[in-house]
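Me: Could you take a close look at one part of this model for me? I'd like one strand and its surroundings, in plain words.

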Amino acid sequence: MIGINSRIVIAGAGSIGCYAGGRLAAAGKAVTLLVRPRMMEGLQQEGLRIIDPDGSEKLVEPGQFSLTSDPEIAFRQADIVLVAVKSGATDEMAKSIRESAPSNVIVVSLQNGVGNADTLRQHLPPEATVVSGMVPFNVVKSEPGVSPLNVRRTMPGTILIDDTLDGLAEVLSVSGLSVQVHSDMQGILWGKLLINLNNALNALSNLPLVEQLADRNWRLLIADQMSEGLKVVRAHGITPAQVQGAPPAVLPWILRLPNFLFRIAAARMLAINPHARSSMWEDLSRGRATEIDYLQGVIIRLADEKNIAVPLTRKVSACVKQAEGKPLRSHSVEDIRW
């Protein structure tokens with residue numbers, strides 16, 4: 001039985017990690033944030049401000065959570081580790097958990113992509129329990145130097161985890177952070193990956209998500225890219241599950257609707273905070289490496305195995321790789337499509 005007083009470590013206190021950790025800490029959970037050294041001082045002095053889609057705010061005081069930039073200190077007494085690092089850092093984080101955490105630790109992947117749980121299992125001892133998870137909402141972190149650090153959740157949604165452990169969802173589900181189990185997490189992860197193919201387009205557009213989705217030319221680009229992804233996963237016998245809203249197979253059809261019909265059919269999709277942007281936009285705007293190889297890259301690799309043409313997916317991937325490490329600029333639809 002998982003104890004309600006389990007010690008929880010957030011491995012990767014970025015946007016999602018800080019939001020989840022802040023919500024758990026505000027509910028009285030024993031939370032440690034594993035953070036980069038540059039974040040330590042501000043969080044120690046000012047705490048963490050959580051902003052929800054309705055605009056309500058919650059300040060989590062510094063004394064409500066623990067902080068460290070040392071993985072050994074973070075993990076040595078951990079009962080549950082929530083992994084929220086970028087996919088490319090999963091190997092390194094898994095090794096740190098293996099070296100310092102109890103062998104029977106519970107590790108939950110709250111990451112984009114479809115293979116992170118398997119990567120964690122490869123590195124962790126057999127006594128450890130690895131749980132796949134999916135976060136359906138977007139969180140935007142304030143610019144460096146803003147104090148206290150703000151994490152703004154821009155849309156509703158329930159975190160889903162697989163049904164490996166009885167009671168885990170109940171331990172992690174607190175006010176403002178709903179967690180439920182799902183019996184087909186691989187299907188859910190594939191469904192989320194198809195949706196996340198827009199992360200790159202949103203980053204390249206340099207537009208808030210609401211503005212991007214209001215433009216039919218951008219929606220047609222999203223739909224065409226998603227159609228390529230659907231063709232590839234179906235060829236591999238993969239059935240993506242419905243994450244929220246419409247099923248994956250229906251989304252391209254909805255995205256292609258004329259504006260007046262799209263506003264009716266996708267009212268819920270458009271009911272998001274005007275601040276919402278993709279996590280890849282945040283990566284490009286701050287000069288960080290992106291997860292393009294774990295999103296578009298997965299579709300490209302699977303397409304190669306079946307000799308399926310995915311020209312738009314390849315072009316999007318190339319555009320993001322060209323943009324990495326450079327000042328962020330706004331791409332047009334024509335820049336990407338042609």
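Reply: Here is a walk around one strand, its neighbours, and then a helix pair elsewhere in the chain.

First, the ground rules: this is a predicted model, where local features need pLDDT of at least 70, side-chain atom pairs count only at pLDDT 80 or more, and totals for chains, interfaces and linings use all residues. Residues are numbered from 1 along each chain as its sequence is written, and side-chain values use heavy atoms, with hydrogens and water left out.

The strand is E8, residues 129-134. Helices (H or I, at least four residues) and strands (E, at least two) are DSSP runs, numbered from the N terminus. In E8, 6 of the 6 residues are buried, so the strand is largely enclosed by the rest of the structure. Buried means under 20% relative accessible area, exposed over 50%, and partly exposed in between (1.4 Å probe, protein chains only). Both faces are covered: Thr-129, Val-131 and Gly-133 lie on one side, with Val-130, Ser-132 and Met-134 on the other.

Now the neighbours. Strands count as paired if DSSP finds at least two bridges between them. E8 pairs with E7 (residues 106-109) in the parallel sense, over 4 bridges, and Val-130 is the bridge partner of Val-107. E8 is also joined to E11 (residues 159-162) by 2 bridges, this time antiparallel, and there Gly-133 stands opposite Ile-161.

Helix H5 (residues 116-123) completes a right-handed β-α-β unit with E7 and E8; right-handed here means that, with the strands pointing away from the viewer, the path from the first strand over the helix to the second runs clockwise. On H5, the buried residues are Asn-116, Ala-117, Thr-119, Leu-120 and His-123. They cover an arc of only 160° around the axis, which puts them on the same side of H5; the arc is that of the directions from the helix axis to the C-beta atoms. These buried residues pack against strand E6 (80-83), helix H4 (90-100), E7 and E8, contact being heavy atoms within 4.5 Å.

Elsewhere, the axes of H7 (residues 185-205) and H9 (residues 216-235) come within 10 Å and cross at roughly 145°. Those axes are lines fitted to C-alpha atoms, for helices over the stretch in contact, and angles run from 0 to 180 degrees between N-to-C directions. Ala-235 belongs to H9 and, at 36% relative accessibility, counts as partly exposed. Ala-235 touches Lys-306 and Ile-308, leaving aside residues up to four places away in sequence. From Val-130, Ala-235 is 105 residues away in sequence and 28 Å away in space, C-alpha to C-alpha.
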